Amino acid sequence: MQDESLLNDATPYVSGNYAPVTEELTVTDLPVIGQIPEELEGRLLRNGPNPIGDLDVSSHHWFLGDGMVHGIRLRGGKAEWYRNRYVGSQNTAQHGLAPSAGPIDAMTGPNTNVIGHAGKTLAIVEAGTAPVELTYELDTVGTNGFEGTLENGFSAHPKYDPLTGEMHAMCYAPATLMDKVQYVVVGPDGTVTKTMPIHLPTMPMIHDMGLTQTYAIVFDLPVAVDLDLAFAGQRFPLRWFHDYDARVGLLPRNATSDAEIIWCEIDPCYAFHPLNSYDLDDGRVVIDICRFDKLFDVDRNGPFRDALPQLERWTVDPAAHRVTRDLIDERHQEFPRVAGSVLNEKHRYGYTAGVGDSTSEWSFGDTIKYDFDAGTSVAHDHGAGRGGAEPVFVRREGATAEDDGWIMTVVYDAAEDRSDVVILDAQDVGGDPVATIQLPARIPIGFHGNWVRDTVTPAP
Ligand SMILES: [Fe+2]
């Protein structure tokens with residue numbers, strides 16, 4: 001699948017719906033096809049890179065650039081508004097856009113995820129940048145390192161524990177923490193309650209983590225900071241390392257030091273996103289995860305030209321110090337999600353975004369639901385030239401079944417160059433959408449988001 005002519009060329013990652021948008025919009029009373037469930041009161045939020053100005057496509061990386069948060073506010077069966085706003089940073093301030101997030105803001109604002117926690121809306125990213133707090137209407141309030149309790153940067157993928165209300169995160173910061181990452185726990189009050197260093201021989205890209213009732217899971221996989229690239233001024237100094245001792249670490253959640261990690265070897269690969277993780281009764285751990293065979297080896301502009309992601313089940317055996325990998329599906333897919341009610345426990349269902357459609361190997365396409373117990377899946381085809389982003393599961397009030405709720409996803413329509421929010425019945429994913437909210441513009445492919453209810457703190 002590699003086309004050498006495309007390498008050292010970020011054009012695919014800034015073209016079509018990868019391209020940034022240039023306007024901040026506020027549009028109210030959006031048109032809707034179908035009926036938005038009346039109980040959905042809150043905001044669907046998304047974040048992604050939206051670089052400002054001209055880009056050098058020979059060196060640009062999809063993961064770089066200012067964050068832009070998009071929000072759709074629902075209430076009483078209506079889509080009350082759509083807003084998109086830059087996340088404040090030094091760069092947005094220099095361009096006369098969003099104000100600086102000061103006093104310790106980053107050159108570019110957090111561009112990877114947006115969560116609600118302890119009543120605050122936070123834009124977040126990995127690799128050394130603190131969260132930036134936003135207003136309900138998505139304007140920048142300022143840098144918020146959990147009320148000053150965060151020592152370094154945070155992560156784009158904190159793992160929420162619905163039993164404790166905590167967020168757990170693996171945080172790395174190449175500029176300040178070259179020989180370790182930090183395991184950080186944020187309490188339900190929005191302040192850090194635990195910071196534990198985990199010493200590593202390299203500085204791997206730890207994009208995400210796993211969490212079970214027993215363990216915090218560290219992914220030490222072969223994409224790491226290359227100091228030569230960093231000193232040469234590369235803005236994205238990470239690459240694939242051949243002959244890397246790839247491993248998965250099980251850190252007991254109650255550990256007092258990283259000496260308690262149980263490291264388990266794994267055949268080299270990379271994964272950005274676990275769908276969910278849980279303990280088995282025999283002491284092993286299951287991680288369902290989207291895996292790349294290789295990443296950032298030849299393609300240094302984005303993730304899709306060395307390999308494409310597939311869903312696997314990893315079984316971690318701490319007694320054997322070994323991870324077994326089993327492919328679940330040949331299809332390419334990313335952005336796996338699970339219902340908040342089964343986070344860190346055994347799940348039956350999972351949801352992903354299919355990668356690849358008739359136009360491009362790295363477009364996004366179907367929304368896929370898995371029934372892991374039955375070994376089946378069903379896909380929602382959004383139509384020709386239409387592709388869904390990360391599927392966000394929203395539980396129906398009073399639900400007892402794990403999949404009783406809705407899937408909300410942003411769908412890009414290439415012909416109209418515009419996006420919709422599509423709401424699917426999670427128990428009838430292949431059926432017609434419950435509602436399609438027509439947005440006034442497109443939301444770039446971007447990365448992650450969440451449904452943030454108005455009345456409770458949602459799961460990130
Ligand atoms: Fe991510």
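The legends below describe several views of a predicted model of one chain.

**View 1. The whole chain of the predicted model, with its helices and strands.** The chain holds 3 helices and 32 strands. Its C-alpha atoms fill a box of roughly 55 × 50 × 50 Å, taken along the principal axes. The radius of gyration of the chain is 20 Å, which agrees with a compact globule, because a globule of 460 residues would have a value near 23 Å.

**View 2. Burial and contacts within the chain.** Of the 460 residues, 52% count as buried. When contacts between residues at least 6 apart in sequence are considered, 56% of these contacts join residues that are at least 24 apart.

**View 3. The open sheet formed by β10, β11, β12 and β13.** In this sheet 4 strands follow one another in the order β10-β11-β12-β13, and their pairing is antiparallel. At the edges lie β10, which covers residues 159-161, and β13, which covers residues 192-199, and each of these strands pairs on one side only. Neighbouring strands of the sheet are turned against each other by 20 degrees on average, with direction ignored. Strands of a sheet pair through backbone hydrogen bonds, in either a parallel or an antiparallel manner.

**View 4. The pairing of β11 with β12.** Strand β11, made of residues 166-171, and strand β12, made of residues 180-186, pair in the antiparallel sense over 5 bridges. Within this close-up, Met 170 stands opposite Tyr 183, which belongs to β12.

Conventions. Residues numbered from 1 in each chain as written. Predicted model: local features only at pLDDT ≥ 70, side-chain atom pairs only at ≥ 80, totals over all residues. Helix = DSSP H or I, 4+ residues; strand = E, 2+ residues; numbered from the N terminus. Rg over C-alpha atoms; globule rule 2.2 N^0.38 Å. Buried ≥ 20, exposed ≤ 12 C-beta atoms within 10 Å, placed from the backbone. Contact = placed C-beta atoms within 7 Å. Pairing = 2+ DSSP bridges. Axes fitted to C-alpha atoms, helices over the stretch in contact; angles between N-to-C directions.
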